[in-house]
Every structure is written in structure tokens, then in C-alpha cells.
Amino acid sequence: MKVPLLDLKLQYQSLKSEIDNALIKVAKSQMLILGEEVEKLENSIAGYVGTRYAVGVSSGTDALLMALMEIEIKPGDEVILPTYSFFATAGVVARLGAIPVFVDSETYTFNINPDKIKPLINAKTKVIIPVHLYGQSAAMDDIMKIAEEFGIPVIEDCAQAIGATYSYGRNVGSIGLMGCFSFYPTKNLGAFGEGGIITTNDETLANKLKQMRNHGMSPKYYHKFIGGNFRLDAIQAAVLNVKLPHLEKWHEARRKNANLYSRLFIEAGLSEREGITEFNTKNPVLLPKAVYRDSGQTNYHIYNQYIIRVDNRDSLRGYLGDHGIGTEIYYPVPFHRQECFSYLDNKDENFPVANFVAEHSLALPIYPELSEEQIVYVVEKIKEFI
Ligand SMILES: *Cc1c(COP(=O)(O)O)cnc(C)c1O
């Protein structure tokens, strides 16, 4: 049986005529950049995330870069962020000449550990960037409390987490000063190319972002500040406008798949329950766990990824590959171990949780169209290997 890590063709097939029509409409209009489709998307995403404004941009990376430019991050400023994330979170900081200050992960979610933030704050600290990794919210109450105590803005990296909530009615991207989203095709809401969006409740910030994505231009050919070409294509917005109404259904299918995986691993005797953090004979597979921080909270995990931890991860990955099962490692190298950040002289022993995850994590196929049969097969093959 073949179980690819992700199969985008199935989603396209399910919406083919609607998407084709939307693409043709853009082709006929020849309104190719920004315009009506982008405005429609901005309104819908602001409504979906629960912010007053959303500004469509060229990618998730550019969303983060613009958010930092917006609060005028300068060379020598320090930016606190998790050591365990996709490269963009740290790359944008370094590109502006600022210093990325890495924080180890929390044990259950692998998100930034809020207990380790405070000791890193000093006069140079200009922003905190929590990442909602794999589609699960970071500990936003704790993070916002620290940020408010020190008067430091929070920029949320929501690239993997559109639609995730931290608590009832509080979507990621609506809690900090700005939320940065990606429409890269592998995210839960994917375009037909590159795209991103920034959410905020602040009107002044939203207007400045709109100007910034167009070289800081206003009026035409007059520039009060330097922006860039961070514009979103109409064709991407048109595809996203078709897809957005289906997003909740896709989240639910991913959550159902995640539940099934966890149940099957437990039934197969490979794990006693979700959220165990150390290997032993009864727990050769460590399962992810959606974390509920207080009673009554609804941490809505959208499972952009379903991540297990196993010993002999690389051999297991090879074995699954030989049996037609696609997997990935998100991510094998935390920032503090990246060659490009060796100049920061971080001590490896300060990041034990991220190091453990980097060495043992494996992403299994979790996309909405996956069949029960395929999930059963994946768990069977993992049991066989172990
Ligand atoms: C995908 C991703 C980004 C970057 O988004 P792009 O649209 O690919 O530029 C940033 N941060 C995280 C955590 C991501 O997963």
C-alpha cells in the first residue's frame, strides 16, 4: 500500500470545478496582483481569525520579516524565539541584523518554554516570537504576561496553525500584536504557490503594512519609508477564497486521523497513553498530546503535523519508506545547532528538550483525505519494525 506524506491532488480533485472557475475568472480579468480577490481574502481571514485587519502578503517568511520591519527591529536588537521551528522564524531576525535569542522547547508541545523566557530579557530585547508548532498554540497566557510585564510586543508565528485556538474564542494570530500566516501548499490552508497574511487589531499597523508591501509607497512614487515587493497575487487569493470555507472540515478530518493514530498505537501496545515523555518497554512510541492548560479551555490543535518520537528514528524512517510510507523530520537541526548561527555561541546543553525532539521526532501522514486503512497500515508497519 502507498501512503504518501501528503497528497495535494486529492484536495484539488474534490474542489476542481470551483477552483478552475476561480482561476479562469482571474485569467479573464487580468487583475493579477492585489485587487478584489485579495481584499475578499483579507476580510474573510480577519473574520476567521477574529482580528479587525488582515493584510495579504507574498509568503509566511515575508509576513514575519514585515512584522519585524514594522516595529523597526534594528541591528543589535534581540529577539526571543524557540530554537525548534522552521528556519524562517530565526532567518528573518538575522536578516535584519538583529540577534535571535533561542529558547528550549516545552516537553509536551515542543513549543517555546515560557518558563525560560524571563531570564533572557534585557534592555536590548525588542520582541518575542512564539511559534504555534505543528498546529498547536504556544502557552500564550504565560507569554503575554511576561511580554506585558516588560512592555515587549509579541509577534505570533502562525504559519502552521491557521484556525488553532489557545482557548475558547481566542484564535492564534489574534492574541499578540500581529499574527503571521503562511499559505505554502503544505500548510492546512495552502495556495497554488507562495502566499501569506498578517493579522492585527491595530489600524495604524495594518495601514503601514499595506504600504510596506508596496515599497512603502504612498501616494504613487512617493516613499516615506522603505518597504519591499511583498504583494500577494490575485490567483493565490482566488484559490484560497475557494478553499477557506472547507478549512474547518479539513481540520476535523486531521484531528480524527490523529485520534485514530493514537488509539491504534495504544491498542498495538506501543504506547500506554498520549503525552508520555520517556521511552520504556511499554512505551517505545511517544505520542503527541494536545495540552489543556486550565479547565474549560479548548486548545484546538489543527494537526498540521502528527509527530511521534521513537528510538532508531532514522532506521524506522527507512523501513517505512521501503514499504511505501512517506514520513518527514520536522526538524532534524534546532537553530542553536545550525552552522549559520554558530557565531552566537549557544551551549548545546541549554536545549535538552529540543535536542531530544530533533533526534527522535517523525512526522506521519496526517492529511484529511487519508483513509482509515492507510492509517492502520502505517501503525502495523511501525509495530512490525519495533
Ligand atoms: C512554513 C513556515 C514559515 C514560512 O512560511 P513560507 O510561506 O514558506 O515563507 C514560517 N514559520 C513556520 C513555523 C513555518 O512552518
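# Exercises on cavities, domains and backbone

A search of the whole structure finds three cavities of 30 Å³ or more. A cavity is a set of points on a 1 Å grid over the protein atoms alone where a 1.4 Å probe fits but cannot get out. Points are joined across faces, edges and corners, and a volume is the space filled by probe spheres set on the points. The model is predicted: local features need pLDDT of at least 70, side-chain atom pairs count only at pLDDT 80 or more, and totals for chains, interfaces and linings use all residues. Residues are numbered from 1 along each chain as its sequence is written, and side-chain values use heavy atoms, with hydrogens and water left out.

## Exercise 1

Describe the largest cavity and its lining.

Step 1. Take the volume: about 90 Å³.

Step 2. Find the lining, meaning residues with an atom within 4 Å of a point. There are 16 such residues, and Leu6, Leu8, Gln11, Arg254 and Pro368 lie nearest the centre.

Step 3. Look for the elements that give two or more residues: helix H1 (8-14) and helix H9 (247-267). Helices (H or I, at least four residues) are DSSP runs, numbered from the N terminus.

Step 4. Sort the lining by class. It holds seven nonpolar, four polar and five charged residues. Here Ala, Val, Leu, Ile, Met, Phe, Trp, Tyr, Cys and Pro count as nonpolar, Asp, Glu, Lys and Arg as charged, and the others, Gly among them, as polar.

Step 5. Check the domains. Domain 1 (8-245) and domain 2 (246-385) each give at least three residues to this lining. The bounds come from an automatic or database domain assignment.

## Exercise 2

Locate the second largest cavity with respect to the two domains.

Step 1. Note its space, about 80 Å³.

Step 2. Pick out the lining residues, among them Tyr108, Phe110, Tyr134, Lys289, His301 and Tyr303. By class, seven are nonpolar, four polar and one charged.

Step 3. Draw the conclusion. Domain 1 (8-245) and domain 2 (246-385) both give residues to this lining, so the cavity lies between them.

## Exercise 3

Describe how domain 1 and domain 2 meet.

Step 1. Start with the centres, taken over C-alpha atoms: 24 Å separate them.

Step 2. Count the residues in contact (heavy atoms within 4.5 Å). Domain 1 gives 52 and domain 2 gives 43.

Step 3. Read the buried area, the accessible area (1.4 Å probe) that two parts lose on being put together, summed over both. The two domains bury about 4100 Å² between them, with 59% of it on carbon and sulfur atoms.

Step 4. Name the main contributors in domain 1. Tyr84, Tyr134 and Asn188 lose the most area to domain 2, together 19% of what that side buries.

Step 5. Look for salt bridges (a side-chain nitrogen of Lys or Arg within 4 Å of a carboxyl oxygen of Asp or Glu). The count between the domains is zero.

## Exercise 4

Find cis peptide bonds and positive phi values in the loops.

Step 1. Recall the background. Most residues other than glycine have a negative phi, and most peptide bonds are trans.

Step 2. Go to the loop between helix H7 (203-212) and helix H8 (234-243), which holds Pro219. The bond from Ser218 to Pro219 is cis, with omega near -10 degrees. His215 is found in the loop between H7 and H8, and its phi is positive, near 60 degrees.

Step 3. Move to Tyr331, in the loop between helix H10 (313-322) and helix H11 (352-360). A cis peptide bond joins Tyr330 and Tyr331, with omega about 10 degrees.

Step 4. Finish with Gln30, in the loop between helix H2 (16-29) and helix H3 (36-49). Gln30 is not a glycine, yet has a positive phi of about 55 degrees.

Technical notes:
On a 1 Å grid over the protein atoms alone, a cavity is a set of points where a 1.4 Å probe fits but cannot get out, and a pocket is an open set with protein on both sides within 12 Å along at least five of seven lines; lining residues have an atom within 4 Å of a point.
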